[in-house]
Structure formats: C-alpha cells, structure tokens
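Work through the exercises below with the sequence and the structure at hand. Each task is followed by its solution.

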Amino acid sequence: MGKLVAKTALCTLSALIGLALLVFGVVSLAAPSAMLVFSDDLGMDKLSAAYSVAVCERTEKIEDLAEAVERNYNVSNYRECAEYGLKLLADPDFERYCAARDQQTAGNDNIHKSYSQYISGIVSTAQYYTGEEEAALNTAFSALGQTFPKYNAVKDLTVSARIKDDKIFCGQILERLQDMKVEDSQEQELLRNFISDLADYCTK
C-alpha cells in the first residue's frame, strides 16, 4: 500500500513539474516581455538578457534593440551584443534615438554625454572579445569621424585591449590614430596625448 501511495505521489509530482515546464515554455514564447520583467525581478541577469533579445525581435523597436545590446554586454554575452549592436548602429532611427538618450542620461558616469560613443564602444569591444578585430576597429573608428571627444568608442576599445595586455591590437589602434585628422584644437590636443600614452604602452 505504501509503495502504491509513493508511486502515485511521484507520478503526480512528475505531471505537475511537466505541466509547469510546459506553461513556462508557452509563456516564454507568447510573452517574452512578461518573462523579462519576471526574470529581472528575480535578479536573473543572464535570463533577462536572453529575453531582451526575444523582445526586440518581437517588437522591432529601437528602444528594445538598444536594451538587448546593453543587457547582453553586461552579462558577457558578447556574440549577441555584437550581432544586435550592429543592427542598432545601422538602424535609420539611430541618430534620433541617441539624441533622446543623451538628454535622458546626462551625468551618467558610463555614457558621458554621448550615447552614440558609448554604444559604439561596447559593440566594438564585444566584436573584439569574439575575435572580430578588424570589425571592432571599424566600428569604433566609424563613431569618431573627424572628431576625438574626451570620451569615445576608440578609448573604450583601447581600455578593453589593455586589460588583456594585447599590445599587438593596441598597435593597430595606434596606427589608425596616427592617420586621423581632427579639426577641433582641443580635440587635437586630446588625440596627441592619447597617442603619446598609447605609444608608450606599446613600446614597453
């Protein structure tokens, strides 16, 4: 009798677990935004990052795309960050979105007044971390044009390379920097100082 009760209880538990997994799967597919909020509330950052990708694919909104890029970078999902980051940078609404974010994030220690430079920096870093070095250089330097602001994507990429003590890659950055033409006199000074510091690092 005891074995029958135990067997029945085990079957019931298995059925409940199976049902719970089924419901979880259905809700994940049907309402990824709800699951994003749920996983966020539980502090499950990796899962939240995965759901953010599902959300941006569902809505096709640039705000959700940007969130997916940032969330995946923050949990070291660099392939996803690079893939969706390139989509973000190519979005026709990117400049408008950056202008709006610059107003929202004024004073943010990470963004430093330019969301465009910030996001280009993390996308290029994600490309670098996944072995796409040439693409990383192109992404970072494309964000500069003929400018060299105090906080920029190339600086962010350089920091990432120096953390890995990658002097070969830093040398590639240095080579491109030496070919740059900057119009603003203050930015010219910033560029000269940065080149000098990076050159010292590469030759040590």
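**Exercise 1.** Locate Thr158 and decide whether Thr158 is buried or exposed.

Solution. In this predicted model, Thr158 sits in helix H9, which covers residues 153-163. Its relative accessible area is 2%. The cut-off for buried is under 20%, so Thr158 is buried. Leaving out residues up to four places away in sequence, Thr158 has contacts with Cys170, Ile173, Phe194 and Leu198.

**Exercise 2.** Check the length of H3 against the expected span, then list which of its residues are buried.

Solution. Step one: H3 has 15 residues, and at 1.5 Å a residue the expected span is 21 Å. The formula uses one less than the number of residues. Step two: the end C-alpha atoms of H3 are 21 Å apart, so the two values agree. Step three: the buried residues in H3 are Ser48, Ala49, Tyr51, Ser52, Val53, Val55 and Cys56. Residues three or four places apart in an α-helix point the same way, because there are 3.6 residues a turn. Step four: just after H3, Glu60 has a positive phi of about 60°.

**Exercise 3.** Place Met44 and name the surface patch to which Met44 belongs.

Solution. Met44 is in the loop that links helix H2 (32-41) to helix H3 (45-59). With a relative accessible area of 35%, Met44 is partly exposed. Together with Phe38 and Leu42, Met44 makes a nonpolar surface patch of about 290 Å².

**Exercise 4.** How many disulfides does the whole structure hold?

Solution. The search finds zero disulfides. Cys56 is buried at 6% relative accessibility, and Cys98 is buried at 5%.

Technical notes: Residues numbered from 1 in each chain as written. Predicted model: local features only at pLDDT ≥ 70, side-chain atom pairs only at ≥ 80, totals over all residues. Heavy atoms only, no water. Patch = residues over 30% accessible without salt bridge, like charges linked within 9 Å, V, L, I, M, F, W, Y side chains within 5 Å. Areas by Shrake-Rupley, 256 points an atom, 1.4 Å probe, with all protein chains shown as cover. Salt bridge = Lys/Arg side-chain N within 4 Å of Asp/Glu carboxyl O. Helix = DSSP H or I, 4+ residues; strand = E, 2+ residues; numbered from the N terminus. Buried < 20%, exposed > 50% of the residue type's maximum accessible area, 1.4 Å probe, protein only. Disulfide = S-S within 2.5 Å. Contact = heavy atoms within 4.5 Å.
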